[in-house]
Amino acid sequence: MITALIFIAVIGLLVVVHEFGHFIMAKRAGMRVDEFGFGFPPRVWSIKKGETTYSINLIPFGGFVKVLGEDGEERSDPRSFGAGTTLNRFYVLVAGVTMNFLLAVLLLTLGSFVGLRVGVFDEATAQIAKNKSIQVISIAPNSPAKDADLRLLDQIIGFQNTDGTTYTPSNVSEVQNFTSANAGKNLKLIIKRGNEQIIKEVLARQNPPQGEGQMGIALAVTGVVSYPWYEAIWRGVYSASIMTLNVVFGYYELFRTLFTEGKLIADVSGPIGIANITGQAARIGFSYLMQLVALISINLAVLNILPLPALDGGRILFLFIEKIKGSPIKKEVEGWINATSFALLIALMIYVTIKDIINLF
């Protein structure tokens with residue numbers, strides 16, 4: 001229940017921020033906004049202020065801003081979306097993804113100020129990092145770690161010896177050396193997960209696949225790093241920019257392999273999978289949750305700006321085509337393209353949701 005509430009709160013924040021971008025730019029352009037809704041109908045609650053209805057709807061995974069003439073109708077009305085200048089319509093369409101990027105900047109700036117747990121990969125970071133720990137950053141499928149239910153971001157505290165004593169490694173190399181020296185044995189691994197300390201019995205394989213190690217995990221030393229407010233601002237912008245570039249590259253590789261090789265290079269998660277990850281991040285700590293929300297917000301921005309029908313990027317593409325050809329695309333044609341694309345997106349959502357349910361069990 002707590003995970004579900006946290007997930008709905010996260011989705012609500014991302015949707016409200018995204019749609020607020022469309023809303024505020026449409027208002028600034030003089031367009032008539034009929035409704036600003038959180039979630040999808042049926043409507044649960046609403047209030048009308050001025051000419052705009054603000055609503056909360058039953059299905060919480062989404063939201064919308066209804067602008068007069070956004071689907072190409074009412075072009076004769078000077079306050080409709082279709083009657084707006086090309087530049088104003090572009091500003092309205094791109095405002096949502098811009099707000100998602102700015103939200104990520106804000107979260108990462110706040111995190112850089114109060115302290116985020118980051119990888120300690122250089123001497124400069126090592127000198128300022130606090131509360132250092134060894135954490136799991138990757139788990140190989142079909143590995144002893146996977147079988148033992150080790151999870152991402154688990155902290156490695158040490159190993160419990162057969163005589164009851166504890167061996168506490170101080171770095172990743174010491175963990176690797178210990179497991180190598182005890183290859184073929186079941187090791188009692190002491191881990192910290194959130195505020196809970198537990199023991200997991202993990203087999204140290206004698207002949208693991210190349211690159212996986214005895215237990216099948218990748219480890220990194222991490223620490224909590226914070227900066228003064230004036231430095232946290234540019235670090236927030238920098239981190240959000242690097243995150244955006246990585247997400248763009250990830251989507252490029254995803255679609256490239258999908259169309260050239262007919263397969264996905266990675267698992268794609270739907271609402272259930274994201275909710276599960278969100279719950280785990282919240283249990284581990286608020287700083288992890290902030291970083292995860294920033295990442296999801298960047299993903300939402302990049303996904304929405306892709307030139308695919310039914311997304312903001314697709315509508316921007318139609319806008320450019322209209323500008324080049326000197327006249328709008330026929331409403332029927334645009335509607336058919338958007339409906340077909342939306343149906344494909346729904347089919348993809350159903351597919352990844354089924355995969356999420358299978359993975360849960």
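Helices α2 and α9 each put at least two residues into the lining of the largest cavity, and that makes a handy place to start. This is a predicted model. Below is a quick tour of its enclosed space, its ring pairs, two buried residues and a few odd backbone spots.

**The largest cavity**

- Searching the whole structure turns up 1 cavity of 30 Å³ or more.
- The largest cavity holds about 160 Å³ of space.
- Its lining runs to 16 residues, and R75, F81, R89, E322 and E334 are the ones nearest the centre.
- Which element gives the largest share of the lining of the largest cavity? That would be α9, with 4 residues.
- By character, the lining of the largest cavity splits into 7 charged, 6 nonpolar and 3 polar residues.
- F81, one of the residues nearest the cavity centre, also has company on its ring: the charged end of R315 sits over the ring of F81, 5.3 Å from its centre.

**The second largest pocket**

- The second largest pocket comes out at about 260 Å³.
- There are 17 residues lining the second largest pocket, with Q176, E212, G213, I217 and A218 closest to its centre.
- Two or more lining residues come from each of β4, α5 (172–181) and β9.
- The largest share of this pocket's lining, 4 residues, belongs to α5.
- On character, the lining of the second largest pocket has 9 nonpolar, 7 polar and 1 charged.

**Aromatic rings**

- The count of aromatic pairs comes to 10.
- Take F23 and F36: their ring centres are 5.2 Å apart and the planes sit at 40°, so the pair is tilted. An angle under 30 degrees would have made it stacked, and one over 60 edge-to-face.
- F23 belongs to helix α1 (residues 2–28) and F36 to strand β1 (residues 33–49), so this pair links distant parts of the chain, 13 residues apart.
- Are F23 and F36 buried or exposed? Both of them are buried.
- F90 and F320 have ring centres 6.2 Å apart with planes at 25°, so this pair counts as stacked.
- With F90 in helix α2 (residues 86–114) and F320 in helix α9 (residues 312–325), the pair ties together parts 230 residues apart in sequence. Helices α2 and α9 are also the two that each supply at least two residues to the lining of the largest cavity.
- F90 has 25% relative accessibility, so it counts as partly exposed; F320, at 45%, also counts as partly exposed.
- F23 and F36 turn up again in one aromatic cluster, together with F20 and Y54.
- There's also a charge over a ring at Y227, where the charged end of R235 sits 3.9 Å from the ring centre.

**Two buried residues**

- G223 is in strand β9 (residues 217–225), and its relative accessibility of 0% makes it count as buried.
- How far apart are the C-alpha atoms of G223 and R117? They are separated by 5.1 Å, though the two residues are 106 apart along the chain.
- Beyond its neighbours within four places in sequence, G223 is in contact with L116, R117, V118 and V120, and also with A129, K130, N131 and K132.
- S143 sits in the loop between β4 (130–139) and α4 (144–147). Despite that loop position, S143 counts as buried, with 0% relative accessibility.
- Leaving out residues up to four places away in sequence, S143 touches R205, E212, M215 and G216. Among these, E212 is also one of the residues closest to the centre of the second largest pocket.

**Backbone oddities**

- As background, most residues other than glycine have a negative phi, and most peptide bonds are trans. The next few spots are worth checking with that in mind.
- P41 and P42 are joined by a cis peptide bond, with omega about 15°. P42 is placed in strand β1, the strand that also holds F36.
- D149, not a glycine, has a positive phi of about 65°.
- L153, also a residue other than glycine, has a positive phi near 75°.
- Where do you find D149? Look in the loop between α4 and β5 (155–160); L153 is in the loop between α4 and β5 too.
- D149 is partly exposed, with a relative accessible area of 33%, and L153 is partly exposed at 29%.

Notes:
Residues numbered from 1 in each chain as written. Predicted model: local features only at pLDDT ≥ 70, side-chain atom pairs only at ≥ 80, totals over all residues. Heavy atoms only, no water. Phe/Tyr/Trp six-rings, centres within 6.5 Å; stacked < 30°, edge-to-face > 60°. Buried < 20%, exposed > 50% of the residue type's maximum accessible area, 1.4 Å probe, protein only. Lys NZ or Arg CZ within 6 Å of the ring centre and 35° of its normal. Contact = heavy atoms within 4.5 Å. 1 Å grid on protein atoms, 1.4 Å probe; cavity = no way out; pocket = protein on both sides within 12 Å on 5 of 7 lines; lining within 4 Å. Points joined across faces, edges and corners; volume = space filled by probe spheres on them. Nonpolar A, V, L, I, M, F, W, Y, C, P; charged D, E, K, R; others polar.
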